[in-house]
2 protein chains.
Amino acid sequence: MATGHIPEATVARLPVYLRSLTELAAAGDATTSSDVLAERAGVNPAKVRKDLSYLGTHGTRGVGYDVRHLTFEVSRALGVANTWPVVVCGLGNLGRALAKHTGFTERGFPVVAAVDIDPAITGTTVDDVPVHSPDQIAELVAAHGVAIGVIATPGNAAQETADLLVAAGVRSILDFSSTVVTVPDHVEVRTVDLSTELQILGFHLHQDLPPEVGKTP
Amino acid sequence: MATGHIPEATVARLPVYLRSLTELAAAGDATTSSDVLAERAGVNPAKVRKDLSYLGTHGTRGVGYDVRHLTFEVSRALGVANTWPVVVCGLGNLGRALAKHTGFTERGFPVVAAVDIDPAITGTTVDDVPVHSPDQIAELVAAHGVAIGVIATPGNAAQETADLLVAAGVRSILDFSSTVVTVPDHVEVRTVDLSTELQILGFHLHQDLPPEVGKTP
DNA sequence: GCTTGTGAAGAGATTCACAGCA
DNA sequence: TGCTGTGAATCTCTTCACAAGC
């Protein structure tokens with residue numbers, strides 16, 4: 001199958017496959033199979049094969065996939081050859097951790113700047129990342145070719161921050177702020193809400209509990 | 001409809017609705033509608049109505065939903081009345097930020113302890129959260145009734161940490177480690193992988209680029 | 001009037017199961 | 001023989017569209 005449209009659900013799994021492939025290569029494996037990849041990625045083997053078929057891959061029937069070649073194909077599909085500079089907005093506990101996180105740069109997402117409203121820290125650096133004031137977002141985006149804005153501000157500043165990022169031309173936002181930000185259609189937002197994740201886990205813990213009495217007071 | 005099984009996709013949206021309802025109540029609104037909730041949650045109004053119908057809600061046709069009552073029903077469905085103590089494993093940049101994060105306690109997920117392998121910090125505290133060594137996980141879980149383990153260790157320690165948590169009786173894990181951890185069926189794992197999120201955004205940025213030349217070298 | 005609640009249709013993702021081929 | 005690639009079946013989630021009812 002030729003490289004056409006790749007389903008979202010598949011896109012979300014490609015980074016996991018890529019990581020598994022890197023580990024397999026490091027372990028010296030030249031070939032692998034959908035079973036092995038599925039085991040490592042924690043999914044069904046048929047799903048792996050279908051996912052990879054969207055990339056126009058060619059594994060070898062009876063043998064499996066060439067690790068090096070598949071790594072190349074997954075990498076190309078994800079566009080990991082590109083570097084997308086990131087600006088982190090909001091330097092609370094989480095923002096600071098994200099600004100310091102070295103894994104981002106390794107994967108092609110260098111944190112080129114941070115932004116915070118506190119004048120006491122603008123002008124300083126956090127692990128070599130310069131801290132600027134929010135009204136410099138447009139300049140920063142232009143100067144560094146920033147592609148992705150990370151919002152780690154308190155909830156009440158999130159929309160405002162998103163507006164600044166969008167106005168500056170950023171087309172992708174990763175939002176940690178526990179709020180729903182509204183952006184134009186051409187901007188993609190992914191939300192990571194840590195409290196929501198815990199609440200989902202809490203829901204299932206709660207469900208497993210014996211039924212309560214007095215459900216309707 | 002009576003409170004029966006609630007679809008996963010719905011469960012994942014309930015915390016967002018709950019937050020919207022809290023804001024509406026704070027703003028003094030006594031009633032609201034699926035349109036308003038949909039707007040705030042960034043979803044389709046029909047989805048809101050269908051989601052709420054799983055809770056066995058009773059809005060009023062022609063009027064809408066009573067904010068107070070709906071808040072109560074969503075809260076009950078999520079089980080937010082419960083408190084689920086959390087232990088944070090791994091005190092790197094991210095683990096430290098999570099241990100300090102005050103929003104968790106506010107939502108019923110107090111961080112009662114942290115765990116790290118570095119003997120230099122065991123015995124200390126991070127924002128009043130005591131730091132212990134990993135071999136004390138079982139004790140900590142038993143002593144505090146820990147329900148949820150957060151894994152913020154480097155990838156190579158994640159599985160080992162998960163095993164300790166599971167052995168100690170933890171039934172829910174929130175994994176930030178960029179690895180797939182394997183656990184028994186009765187344990188629920190949710191994975192939050194920051195690099196993967198960026199890679200998904202990168203994929204779409206890359207897709208919007210003009211087609212490259214030399215796709216197959 | 002206006003908004004809920006819900007069958008039914010539609011879209012998307014997952015899984016099965018087996019033909020195809022090294 | 002063994003593993004891929006994929007049509008078909010299935011399941012899940014979303015969206016439509018409208019009857020029900022204040």
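User: In this predicted model, how many nonpolar, polar and charged residues make up the surface near DNA strand D?

Analyst: A surface of this kind can be read by residue class. In this predicted model, the surface near DNA strand D has 12 polar, nine charged and five nonpolar residues. In total, 26 residues surround the strand. The closest are S34(A), G59(A) and Y65(A) from chain A, with R13(B) and R61(B) from chain B.

User: Which helices supply at least two residues each of that surface?

Analyst: Here one reads the surface by element. From chain A there is α3 (45–53), and from chain B there are α1 (8–26) and α3 (45–54). The element that gives the most is α3(B), with four residues.

User: What share of the strand D atoms within 4 Å of the protein do sugar and phosphate account for?

Analyst: The strand may be divided into backbone and bases. Sugar and phosphate account for 60% of those atoms. For individual contacts, a polar side-chain atom of R13(B) lies 2.8 Å from a phosphate oxygen. On the base side, a polar side-chain atom of K50(A) is 3.5 Å from a base nitrogen, and a backbone N or O atom of G62(B) is 3.4 Å from a base nitrogen.

User: How are chain A and chain B related, by what turn and what shift along the axis?

Analyst: One copy is laid on the other and the operation is read off. A turn of 180 degrees with a shift of 0.0 Å along the axis lays chain A on chain B, with an RMSD of 0.0 Å. The two copies are therefore related as by a two-fold rotation axis. In chain A, A97(A) has the C-alpha nearest that axis, 3.2 Å away.

How values were computed: Residues are numbered from 1 along each chain as its sequence is written. Chains are lettered from A and ligands numbered from 1 in the order in which they are written. This is a predicted model: local features need pLDDT of at least 70, side-chain atom pairs count only at pLDDT 80 or more; totals for chains, interfaces and linings use all residues. Side-chain values use heavy atoms; hydrogens and water are left out. Copies are superposed by least squares on the C-alpha atoms of residues with pLDDT of at least 70 in both. A residue is near a molecule or strand if one of its heavy atoms lies within 4 Å of it. A polar contact is a pair of N or O atoms within 3.5 Å; within protein, one must be able to donate a hydrogen and the other to accept it, and residues adjacent in sequence count only if both atoms are side-chain atoms. Ala, Val, Leu, Ile, Met, Phe, Trp, Tyr, Cys and Pro count as nonpolar, Asp, Glu, Lys and Arg as charged, and the others, Gly among them, as polar.
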